[in-house]
Amino acid sequence: MSRHLNVLIIEDSEDDTLLTLRELRRGGYSLDYVRVDTPTAMQTALEERTWDIAIADFSMPAFSGLEALKLLQRYNLDLPFIVVSGTIGEDVAVAVMKAGAHDYLLKSNLTRLVPAVEREVREARERRKRYSTEQALQESEERFQTLCNSAPLAIFQTDCQGRRSYNNPLWHEISGLSEEKSLGYGWVDAIHPEERLEVLKSWEHTASEQGSWVHEHRLLTQQGEIRWVRALASPMYSTEGNFLGHVGTVEDITEQKQAAQRIYEQAALLDISTDAISVCDLENKILFWNKGAERLYKWKSEEAIGKNAEQILYDSEESLILRRKIQATLAKDGKWQGELEQVTKGGKKIVAESRWTLMYDEANNPKSILIVSTDITEKKQLQAQFLRAQRLESLGALAGGIAHDFNNILTPILAVAQLLSFKFPHLDDNNKQLLGILEGSAKRGADLVKQILSFTRGVEGTRTTIQLRHLIIDVAQVAKKTFPKFIDTQVNIAPDLWTVFGDPTQLHQVLMNLVVNARDSMPDGGSLNISAENFWVEEEYARMHADASVGSYAAIAVSDTGMGINPEILDRIFDPFFTTKEQGKGTGLGLSTAISIIRSHGGFVTVYSEVGKGSKFNVYLPSSQIIETDTPADAELPEGNGELILVVDDEATICEITKNTLNSHNYKVLTASDGIGALALYAQHKERISLVLIDMMMPGIDGPSTILKLQRINPEVKIVAMSGLMAHGSTIQHQNLQIQGFLSKPFTTEILLNTIFSALK
């Protein structure tokens, strides 16, 4: 123990002070002291330095020992305080000790001073040391408690049996359990029932093995809230190496799990998106590739990620130049949107509508490019098809404009040819042949106009009973006349071929599509064979073909000896826009249109093909097993009984030839060149006029207006309309004109007489 003392002497007598100091020095102490005799001086001394002991006189002129003791106590210092007095009674001594003094001595007997000082200084130092240790321990516990209370993790401690002995407040907040319920094995109650057995088994194994523990599981709070936690525990050992238990943490990872779930869901949404979504770095290296990108570009994610986008998606210099312009726009505006020509893994060219967005990192520096692309290849094809349709519509409008005049020209030609044959029945064979050529040419001209209108304006005839022989022969003649000479066209039609019910225009289109495809498959020549026969579909055969039903069919086969169809694409040939032809040589709509037409007729199509040996398309159309009977060529034409017919047409030649034809078959005729003349004549002769034959297109008052005015004059008037435009037939239906017949120009004598005969009934 140190023998140096810092002594505060509270004494008014300097002599007594010297005696006290001498006694302490005799006891072996080196001293550092200050003598004070007033409260102010004592207060200053206490504030300026630290003292080991205070020795005070009991009675001083301006101060007392008790007052000095009270002043010392106000400073709350653990400083030994010994009272030394010349005279002190027992009562005073007791009062001094009760007031808090550590000892009292008489100045006349200072021999007890040194032992008393030694004792009190030693005890004070021990008290301070003990206090310091306790304070350090308390501070440590407080720090531990503060740390546990403010920790972002739940903290727990277990005994060597694995039972909880401590939990910090955050555990109760996370688990929803009270402090009492959390101790021992009560913490297990917080675990979700579905996972409780598995977690407890894992923990008991860790406790028995005295090892570390890491586990993720769910908690179910008393309020029914599910929380995900990650628990970690490490073993504790004493200084002697004895296992004491575990200390561990429980982290609430609910938000992390929810965030991970959201990321998973977002990734799933990206994958089910029909759009191709990718992310590239600033050097065009692919960083992300969703399922939509896999479907569009045919590159799997593991194949695409890490590759340069320019190398796998672009094959033309123009596309690369545009891509670099895009990057310049991104650097300036941060986004770009437009159309791109790209290629798939197999080299197929596609058109994509892309939206590019520049992505930034936390420091707001460009980091990557988000690209969302939509396949608009089919849309572009449809747009091109729409433009073609518009061009055809324009062509149709032009064709419709000239059709009326052209049919007006053909009508008298056809009528004159037939009228001459009627008026001169005894012509020689040569003249009859010339009239036949004239009549046939007029009919072919009329059919040509109808075909042009049908093709350009989509006008189709109604379905009727058809003998396919005529369609096949017509298509074969087109092929023979227009196909290259090195393609040999053969026709083989069963003589008893059944009729079908259908639209001749549509079926003609189907056959033309098939023979044109056959021609294109034989660039070096070959054989084209068109055949037709009756076919009965049995139940077993119907099961093998999805669109087939048991019953009778007329079967048409179109076969060629061309290149054949690769088996890999055979299943796709009927897909819209699928074509193996070069750019600009095929739309990919021919076969898809053909199969659509056949299915609409209740039929089906089969294909057989072998690469290098040709292809055979079989078209099956339902039939009622009826064989066409030819109309006798010499069938008599109906004759009139002197009925008066009013013919109205702005074409004088048509009026004249129609008048001559009707006069030749026992009708009387009045003619008018416009609607006003027709109304005047009808008003004058309405009692005698049996029927009005009127053109639909005339200057001034047109046909429909004239018809309505005639019906106001006589609601019972019989009317047959005629026109060079087939569309006027639908106009009559649309306007609900009550008429008895319609003639499409040019018309034959037979059709004219039969129509008028039917209308007069």
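**Figure 1. Long-range contacts in the predicted model.** Contacts between residues 24 or more positions apart make up 61% of those with a separation of 6 or more. The model is predicted. Its secondary structure consists of 24 helices and 27 strands. Of the 761 residues in the protein, 42% are buried. The accessible surface is about 41,800 Å². Carbon and sulfur atoms hold 52% of that surface.

**Figure 2. The parallel sheet E2-E1-E3-E4-E5.** Five strands form an open sheet in this order, with parallel pairing. Strands E2 (30-36) and E5 (103-106) stand at the edges. Each has a single partner strand, so one side of each is left without a neighbour in the sheet. From one strand to the next, the twist averages 25°. E4 and E5 are joined in the parallel sense by 4 bridges. Within this sheet, Val-83 stands opposite Tyr-104 of E5. Two helices lie across the strands. Helix H1 (residues 14-26) crosses E1, E2 and E3, and runs at about 160° to E2. Helix H3 lies across E1, E3 and E4, at about 170° to E4.

**Figure 3. Helix H3 and its two faces.** Which residues of H3 (residues 65-74) are buried? They are Gly-65, Ala-68, Leu-69, Leu-71 and Leu-72. Seen down the helix axis, these residues fall within an arc of 160°, so they line one face of H3. The spacing follows a general rule. An α-helix has 3.6 residues a turn, so residues three or four places apart point the same way. The cover over the buried residues of H3 includes strands E1 (4-10), E3 (53-57) and E4 (81-85). It also includes helices H2 (39-48) and H4 (90-99). On the face turned away from the buried side, H3 carries the exposed residues Lys-70 and Arg-74. Asn-76 follows the helix and has a positive phi, near 55°.

**Figure 4. Asn-167, a buried polar side chain in strand E7.** Asn-167 is found in E7 (residues 164-167). Is Asn-167 buried or exposed? Its relative accessible area is 7%, so Asn-167 counts as buried, the cut-off being under 20%. The side chain of Asn-167 makes a polar contact with the side chain of Arg-164, at 2.6 Å. A polar atom of the Asn-167 side chain also lies 3.5 Å from the backbone oxygen of Ser-182. Leaving aside residues up to four places away in sequence, Asn-167 touches Ile-155, Phe-156, His-172, Ser-182 and Leu-183. Ser-182 thus appears both among the residues touched and as the owner of that backbone oxygen.

**Figure 5. The hairpin of strands E8 and E9.** E8 (residues 213-220) and E9 (residues 226-237) run antiparallel. They are joined by 8 bridges. Leu-220 stands opposite Ile-226 of E9. Between the strands of this hairpin are 5 residues. In the hairpin, Gly-224 takes a positive phi, near 85°.

**Figure 6. The antiparallel sheet E12-E11-E15-E14-E13.** This open sheet has 5 strands, with antiparallel pairing. Its edge strands are E12 (286-289) and E13 (335-343), each paired on one side only. Neighbouring strands are turned by 25° against each other on average, direction ignored. Helix H13 (residues 317-333) packs on the sheet. H13 touches E13, strand E14 (349-360) and E15. The direction of H13 makes about 165° with that of E13. Within the sheet, E11 (residues 276-281) and E15 (residues 366-375) run antiparallel and are joined by 6 bridges. Here Val-279 has Leu-370 of E15 as its bridge partner.

**Figure 7. Strand E25 and its parallel partners.** How many of the 7 residues of E25 (residues 689-695) are buried? The count is 6, and the strand is mostly covered. E23 (residues 644-648) runs parallel to E25, with 5 bridges joining the two. Leu-644 has Ile-689 of E25 as its bridge partner. E25 is also joined to strand E26 (residues 719-723) by 4 bridges, again in parallel. In this pairing, Leu-693 stands opposite Val-720 of E26.

Notes:
Residues numbered from 1 in each chain as written. Predicted model: local features only at pLDDT ≥ 70, side-chain atom pairs only at ≥ 80, totals over all residues. Heavy atoms only, no water. Buried < 20%, exposed > 50% of the residue type's maximum accessible area, 1.4 Å probe, protein only. Contact = heavy atoms within 4.5 Å. Areas by Shrake-Rupley, 256 points an atom, 1.4 Å probe, with all protein chains shown as cover. Pairing = 2+ DSSP bridges. Axes fitted to C-alpha atoms, helices over the stretch in contact; angles between N-to-C directions. Arc of directions from axis to C-beta. Polar contact = N/O pair within 3.5 Å; in protein donor to acceptor, adjacent residues only side chain to side chain.
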